[in-house]
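Grab the coordinates and a viewer, and work through a few exercises on this fold. Try each task yourself before reading the solution.

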Amino acid sequence: CAADDLTAEELVERATSALDAARREDARHRNFEELANIDPRIRLAMVSGVEKAIEQGEFALMYQAKVAAASAEVTGAEALIRWEHPVFGRLSPADFIPVAEKTGAIDGLTMWVLDRAIADQAEARSAGIYLPISVNMSARTLSNVGFRDLAIRKIEKAGADICFEITETAVIESD
């Protein structure tokens, strides 16, 4: 829906983003919803820049330990993505993940995370550290059979110990 405080340029930007997402997903329609408190210039950079950011090496993974409450033993690690944008600095995953989901860029971003987590886990194993790594995945990405099959093949080929955690931000759709 159009808001009174939006410029014509912002309305066209939203419509174009929704159209691009619908085409990528072979869907009849898509809505572009405003993300609260995001500068329109940053939002546009996120909408148009995820694939480029992957190519330019702007993303990085950080790992958060998973600890068993009863024993205080580290039982794994969760991969957390970070985006260092060359113009806007560090962008919050809470801002760019929903944009990636809405624009269809989430599959490429998730594959990058998976590839990086597999490589990082192999490097840790060579140093004698054996921990499963959890990777967040949207329900929409998980429902993509091609993505799912490719991810499984990559994990098996690498002998990796990867766990997918399903995010609650996307809903599996059925047309």
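Below are five exercises on a predicted model, each with a worked solution.

**Exercise 1. Getting the layout**

Task: Work out how many helices and strands the protein has, and in what pattern they follow one another along the sequence.

Solution:
- Step 1. Count the elements: there are six helices and five strands.
- Step 2. Read along the sequence, and you get α-α-β-β-β-α-α-β-α-α-β.
- Step 3. For a first feel for the interior, look at burial: of the 175 residues in the protein, 35% are buried.

**Exercise 2. Strand 2 and its partners**

Task: Find out which strands pair with strand 2, in which sense, and over how many bridges.

Solution:
- Step 1. Begin with strand 1 (residues 59-67), which runs antiparallel to strand 2 (residues 74-85) and is joined to it by nine bridges. To get the register, note that leucine 61 sits opposite isoleucine 81, while glutamine 64 faces glutamate 78.
- Step 2. Go on to strand 3 (residues 89-91), which is also antiparallel to strand 2, with three bridges between them. Here tryptophan 83 is opposite leucine 91, and the two strands make a hairpin with three residues in between.
- Step 3. Finish with strand 4, which pairs with strand 2 in the parallel sense over two bridges. Glutamate 78 has serine 134 as its bridge partner in strand 4.
- Step 4. Put the residue pairs together: glutamate 78 stands opposite glutamine 64 and also bridges to serine 134.

**Exercise 3. An unusual phi**

Task: Look at alanine 72 and say where it lies, what its phi is near, and whether it counts as buried or exposed.

Solution:
- Step 1. Locate the residue: alanine 72 is in the loop between strand 1 and strand 2. That hairpin has six residues between its strands.
- Step 2. Check the backbone: phi of alanine 72 is near 60°, a positive value in a residue that isn't glycine.
- Step 3. Check the accessibility. The cut-off for exposed is over 50%, and alanine 72 comes out at 57%, so exposed is the right call.

**Exercise 4. Following the rings**

Task: Starting from phenylalanine 59, trace the aromatic pairs through tryptophan 83 and classify each by its geometry.

Solution:
- Step 1. Count the pairs: the model has four aromatic pairs.
- Step 2. Take phenylalanine 59 with tryptophan 83. Their centres are 4.9 Å apart and the angle between the planes is 40°, which makes the pair tilted. Phenylalanine 59 belongs to strand 1 and tryptophan 83 to strand 2, so this contact ties together parts 24 residues apart in sequence.
- Step 3. Move on to tryptophan 83 with phenylalanine 96. Ring centres 5.4 Å apart and planes at 85° put this one in the edge-to-face class, because the cut-off is over 60 degrees. Tryptophan 83 is in strand 2 and phenylalanine 96 in helix 3, so this pair links parts 13 residues apart in sequence.
- Step 4. Check burial, which needs a relative accessible area under 20%. Phenylalanine 59 has 6% and is buried; tryptophan 83, at 1%, is buried too, and so is phenylalanine 96.
- Step 5. Join things up: Phe59, Trp83, Phe96 and Trp112 make one aromatic cluster.

**Exercise 5. Core and pocket**

Task: Find which element gives the most residues to the largest nonpolar core, and which gives the largest share of the lining of the largest pocket.

Solution:
- Step 1. Start with the core. It has 28 residues, and Phe59, Ile81, Phe96, Leu109 and Ile162 touch the most other members. Helix 2 (40-56), strand 1, strand 2, helix 3, helix 4, strand 4 and helix 6 (145-158) each supply at least two residues. Helix 4 gives the most to this core, with eight.
- Step 2. As background, nonpolar side chains tend to be buried together in soluble globular proteins.
- Step 3. Now the largest pocket, which holds about 390 Å³ of space. It's lined by 21 residues, with Ile81, Pro93, Ile97, Asn136 and Thr167 nearest the centre.
- Step 4. Sort the lining by element. Strand 2, helix 3 (93-103), helix 4 (106-126) and strand 4 (133-138) each supply at least two residues, and helix 3 has the largest share, with five.
- Step 5. Sort the lining by chemistry: 13 residues are nonpolar, five polar and three charged.
- Step 6. Compare the lists: Ile81 is among the best-connected core members and among the residues nearest the centre of the largest pocket.

Methods:
Residues are numbered from 1 along each chain as its sequence is written. This is a predicted model: local features need pLDDT of at least 70, side-chain atom pairs count only at pLDDT 80 or more; totals for chains, interfaces and linings use all residues. Side-chain values use heavy atoms; hydrogens and water are left out. Two strands pair if DSSP finds at least two bridges between them. Helices (H or I, at least four residues) and strands (E, at least two) are DSSP runs, numbered from the N terminus. On a 1 Å grid over the protein atoms alone, a cavity is a set of points where a 1.4 Å probe fits but cannot get out, and a pocket is an open set with protein on both sides within 12 Å along at least five of seven lines; lining residues have an atom within 4 Å of a point. Grid points are joined across faces, edges and corners, and a volume is the space filled by probe spheres set on the points. Ala, Val, Leu, Ile, Met, Phe, Trp, Tyr, Cys and Pro count as nonpolar, Asp, Glu, Lys and Arg as charged, and the others, Gly among them, as polar. Rings of Phe, Tyr and Trp (its six-membered ring) pair if their centres lie within 6.5 Å; planes under 30 degrees apart count as stacked, over 60 as edge-to-face and the rest as tilted. Buried means under 20% relative accessible area, exposed over 50%, partly exposed in between (1.4 Å probe, protein chains only). A nonpolar core is a set of buried Ala, Val, Leu, Ile, Met, Phe, Trp, Tyr and Cys residues joined through side-chain atoms within 4.5 Å.
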